[in-house]
Amino acid sequence: MTCARIGCPLLIGLGEGENFIASDVSAVLASTRRVVYLDEGDVAELTRDGIRVFDRAGVPVEREVHVSDVSLASLELGPYQHFMQKEIHEQPRALADTIEVIVNQGVTPALFGENAEQVFADIDSVQIIACGTSYYAGSVARYWMESIAKIPCNVEIASEYRYRDVVANPKSLIVTISQSGETLDTMEALKRAKELGLANTLAICNVQESAIPRASKLVFYTRAGAEIGVASTKAFTTQLAALFVLTLALAKQRGLLSEEQEHAHLESLRQLPGSVQHALNLEPQIKLWAERFAPKQHSLFLGRGIHYPIALEGALKLKEISYIHAEAYPAGELKHGPLALVDAEMPVVVIAPNDSLLEKVKSNMQEVRARGGELYVFADLDSHFAESEGVHVIRTPRHAGVLSPVVHAIPVQLLAYNTAVMRGTDVDKPRNLAKSVTVE
Ligand code: G6P
């Protein structure tokens, strides 16, 4: 297999003279000719006979070739039915690979680049910018940043940030999160931030040397391996791991992380792949829930605090691949609108691990039950929920502390995946969606 990077952000590979492999693998595999728009107005034409690159005037040009480190194994299905299923089950490995360097080196700004120490010393706030699932990773990180590093943190959808009149704070660290490193809105939002004089930029990305990290001062690469299913799974959980480490690095720099605390957080990170594996083992129980979800038209996801973005991500996964209408709400907002939707036909998924908001979540659940709504509760070992009529409970076998959102991402992914399989949708290539959105 030859993999090439042609002075451009897109990985393009040629497998055994047969198929083209690119960051948008599924689309390329399905076509015999594909045109890909590259940096600087270049265009690549991919056919089964080869790759030709043209400049903006249409003149054929030679570009530097880089060999990709994407492994062929990550592009093969193996024993799995879908790439999404494979990628869900790869998460313990992806997380272990992503945190390896951290557990070896300890928490240091150097993990984010040579100048990170200086940049981190220069900032007083964090502005996260991303799209889709990456935005939800940023939404979790906001809770960590403010509670552990005590640094003000704002999270914004890239397509909003880029067109808004932003009051720029030059002491803000701009953090872009992008699995592909190519999402146009995120790239344009980064450009806009730089135009506004925001020079401290950090990219969290899964694709080496893609456009967004190349345009950023600092970078942290997640090591999830190639993600092919359109619905992001292992990229999401590894982004969360990266953002947690960023939080620890900022806390340490600000004198807010004692040696004992650092040790305890690193120990939690070490245990994370194991906790995720335990959550994956819940799949047989989740399949039974999926059977009940498959005939539904609508669903509601609830969470509070740091688990609210996991409710959002669960709803996004379900709507993306099963086409069931799914909305997520912070459980405390239930009474301000969505409660009107609740009846016996509306399954309500609740992310309810044992945290400081558990009692509040329980009272929100009673509000649902009182309207005849059926509850599907993802809890953990310490939540002490009992199954009862209309209340179904699946417990993750360990309490993961501050890393609980990472572990609770797994059951919502499995619920969406298994529901979509039962509905017979095209799980890896859901209608109307693309893996890498390089157009507006
Ligand atoms: C598309 C994908 C999503 C992804 C989003 C942002 O919508 O289908 O899975 O979360 O783009 O992509 P990025 O590569 O910037 O993380």
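The following exchange goes through a predicted model, taking the ligand, a cavity and two backbone angles in turn.

Visitor: Which residues around the ligand come nearest?

Guide: The ligand has 13 residues around it, and those that come nearest are Ser 134, Ser 178, Gln 179, Ser 180 and Thr 183. Helix α5 (residues 132–148) gives the largest share of this shell, three residues. By class, the shell holds eight polar, four nonpolar and one charged residues.

Visitor: What makes the pair between Thr 183 and the ligand a polar contact?

Guide: The cut-off is 3.5 Å between N or O atoms. A polar side-chain atom of Thr 183 is 2.5 Å from an oxygen atom of the ligand, so the pair is within the limit. The side chain of Ser 180 also has an N or O atom 2.7 Å from a ligand oxygen, and that pair therefore counts too.

Visitor: How do you know that Ala 434 makes a polar contact with the ligand?

Guide: For Ala 434 the atom is a backbone N or O, and it lies 3.1 Å from an oxygen atom of the ligand. That is within 3.5 Å, so the pair is a polar contact. As for cover, the ligand taken alone exposes 390 Å², of which the protein buries 90%.

Visitor: What lines the largest cavity?

Guide: The count comes to one cavity of 30 Å³ or more, and the largest cavity has about 40 Å³ of space. Its lining consists of Arg 304, His 307, Ile 351, Ala 352, Pro 353, Asp 355, Leu 358 and Val 361. Five of these residues are nonpolar, two are charged and one is polar.

Visitor: Why is His 307 in that lining classed as polar?

Guide: The nonpolar and charged classes are fixed lists, and the other residues count as polar. His is on neither list, so His 307 is classed as polar.

Visitor: Why is Glu 209 called partly exposed?

Guide: Partly exposed is the range between 20% and 50% relative accessible area. Glu 209 has 40%, so the term applies. Glu 209 sits in the loop between β11 (201–205) and α8 (211–214), and its phi is positive, near 55 degrees, in a residue other than glycine. Most residues other than glycine have a negative phi.

Visitor: Is Tyr 323 buried, partly exposed or exposed, and what makes it so?

Guide: Buried means under 20%. Tyr 323 is at 24% relative accessibility, so it counts as partly exposed. Tyr 323 belongs to the loop between α12 (308–322) and β14 (325–330), and has a positive phi of about 65 degrees although it is not a glycine.

Conventions
Residues are numbered from 1 along each chain as its sequence is written. This is a predicted model: local features need pLDDT of at least 70, side-chain atom pairs count only at pLDDT 80 or more; totals for chains, interfaces and linings use all residues. Side-chain values use heavy atoms; hydrogens and water are left out. A residue is near a molecule or strand if one of its heavy atoms lies within 4 Å of it. A polar contact is a pair of N or O atoms within 3.5 Å; within protein, one must be able to donate a hydrogen and the other to accept it, and residues adjacent in sequence count only if both atoms are side-chain atoms. Accessible areas come from the Shrake-Rupley method with a 1.4 Å probe; for residues, only the protein chains shown count as cover. Helices (H or I, at least four residues) and strands (E, at least two) are DSSP runs, numbered from the N terminus. On a 1 Å grid over the protein atoms alone, a cavity is a set of points where a 1.4 Å probe fits but cannot get out, and a pocket is an open set with protein on both sides within 12 Å along at least five of seven lines; lining residues have an atom within 4 Å of a point. Grid points are joined across faces, edges and corners, and a volume is the space filled by probe spheres set on the points. Buried means under 20% relative accessible area, exposed over 50%, partly exposed in between (1.4 Å probe, protein chains only).
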